[in-house]
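This report looks at the ligand site and at how the UniProt annotations map onto the model. The sequence and structure come first.

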Amino acid sequence: MTKTYGERATSLPNKTAQELFTLMERKKSNLAVALDVTTKQEFLDIADKVGPYICCLKTHIDILEDFDQDLIDKLKKLQKKHDFIIFEDRKFADIGNTVKHQYSKGIYKIAEWADIVDAHAIPGDGIITGLKEIGLPLNRGLLLLAEMSSKGNLATGAYTEATIEMAKRHKDFVIGFISGKKFNSCEELIIMTPGISLDISNDDLGQQYKTPRNVIENGSDIIIVGRGIYGKGKDAVVEAQRYRNAGWEAYLKKFE
Ligand code: S5P
């Protein structure tokens, strides 16, 4: 039988994962916004607008041209105001010792403010062990990229299978996957899916889009939407509501 987000929250070992599923149920939202803008002003403005409708704000902190500590302070205030999880989409991909530093040091100090980060499985288990040393004491969570949305990507077949096995060996810290579908052998893990649009099927740089309905039917838990919400000529509030409703209706359909 399909479990609700709230029911699943109680059985998850990781605190961030529990919090995420609890707040999804509370806010009735499975929408994550991918906030890929390059100035602080735009970033904070859109985050404040979409905040009421999202369960998660996904960042690429290194694309901001005027990044500073004030941005992080303001982001944390918005997180308190609107109640969402912060996911820094850093896509770590190096040996354990290097990713440990990338996660905790440098100018971004990601571990201090991001509840969730993600990593490629390509370096092997050491990448998880390294990130875990920093993240687990802070109750953070990690997603592995088991699949990608872009045309011609190599995260398929045996690579995807090996990524799933790697996640299963680190269930205290790995809370789920970036992928387009649920995997049978680990149904409790969270599936977050990018490449979502209600209007178009691709961009001109290899991105491929599916609808919220498509991916939630395939077992996705959270839809990640970027330009569909704040792209040129869009009203971010209107679009956030539209995607939030589409995501939530697709989720409710599973119980009919
Ligand atoms: O396979 C992937 C994985 C990720 S995390 N494909 C993706 O598009 N992403 C991210 O999702 C990407 O980095 C971007 O931040 C977001 C999609 O943005 P959109 O504007 O195409 O919706």
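The unreviewed UniProt entry gives the annotation "binding site" to Asp36, Lys58, Ser149, Gln207, Gly226 and Arg227. In this predicted model, the lining of the largest pocket takes in Asp36, Lys58, Ser149, Gln207, Gly226 and Arg227 from that set. The ligand sits in the largest pocket, which ties the annotation from the record to the modelled ligand position. Ser149 belongs to the loop that runs between strand 5 (141-145) and helix 7 (157-168).

**Surroundings of the ligand**

There are 14 residues around the ligand, and Asp36, Lys58, Ser149, Tyr209 and Arg227 come nearest. By residue type, the shell around the ligand divides into 5 nonpolar, 4 polar and 5 charged residues.

Some polar contacts between the protein and oxygen atoms of the ligand are set out below.

| Residue | Protein atom | Partner | Distance |
|---|---|---|---|
| Gln207 | side-chain N or O | ligand oxygen | 2.8 Å |
| Gly226 | backbone N or O | ligand oxygen | 2.9 Å |
| Asp89 | polar side-chain atom | ligand oxygen | 3.4 Å |

The protein buries 91% of the 490 Å² that the ligand exposes when taken alone. Gln207 and Gly226, both in the table, also carry the "binding site" annotation in UniProt. The Gln207 contact is made through the side chain, whereas Gly226 uses a backbone atom.

**Active-site annotation**

Which residues does UniProt list for "active site"? The unreviewed entry names Asp89, Lys91 and Asp94. From this set, Asp89 and Lys91 are taken in by the lining of the largest pocket. Asp89 is found in strand 3, which spans residues 85-92, and a polar atom of the Asp89 side chain lies 3.4 Å from an oxygen atom of the ligand.

**Domain**

UniProt, again in an unreviewed entry, places the feature "domain: Orotidine 5'-phosphate decarboxylase" at residues 30-242. Over residues 30-242 the chain is 34% helix and 18% strand. The C-alpha atoms at the two ends of this stretch are 12 Å apart.

Taken together, the pocket that holds the ligand has in its lining Asp89 and Lys91 from the "active site" set, along with Asp36, Lys58, Ser149, Gln207, Gly226 and Arg227 from the "binding site" set.

Notes:
Residues are numbered from 1 along each chain as its sequence is written. This is a predicted model: local features need pLDDT of at least 70, side-chain atom pairs count only at pLDDT 80 or more; totals for chains, interfaces and linings use all residues. Side-chain values use heavy atoms; hydrogens and water are left out. A residue is near a molecule or strand if one of its heavy atoms lies within 4 Å of it. A polar contact is a pair of N or O atoms within 3.5 Å; within protein, one must be able to donate a hydrogen and the other to accept it, and residues adjacent in sequence count only if both atoms are side-chain atoms. Accessible areas come from the Shrake-Rupley method with a 1.4 Å probe; for residues, only the protein chains shown count as cover. On a 1 Å grid over the protein atoms alone, a cavity is a set of points where a 1.4 Å probe fits but cannot get out, and a pocket is an open set with protein on both sides within 12 Å along at least five of seven lines; lining residues have an atom within 4 Å of a point. A molecule sits in a cavity or pocket if more than half of its atoms lie within 2 Å of its grid points. Ala, Val, Leu, Ile, Met, Phe, Trp, Tyr, Cys and Pro count as nonpolar, Asp, Glu, Lys and Arg as charged, and the others, Gly among them, as polar. UniProt positions are given in the numbering used here, feature names are shortened, and annotations may be inferred rather than shown by experiment. Helices (H or I, at least four residues) and strands (E, at least two) are DSSP runs, numbered from the N terminus.
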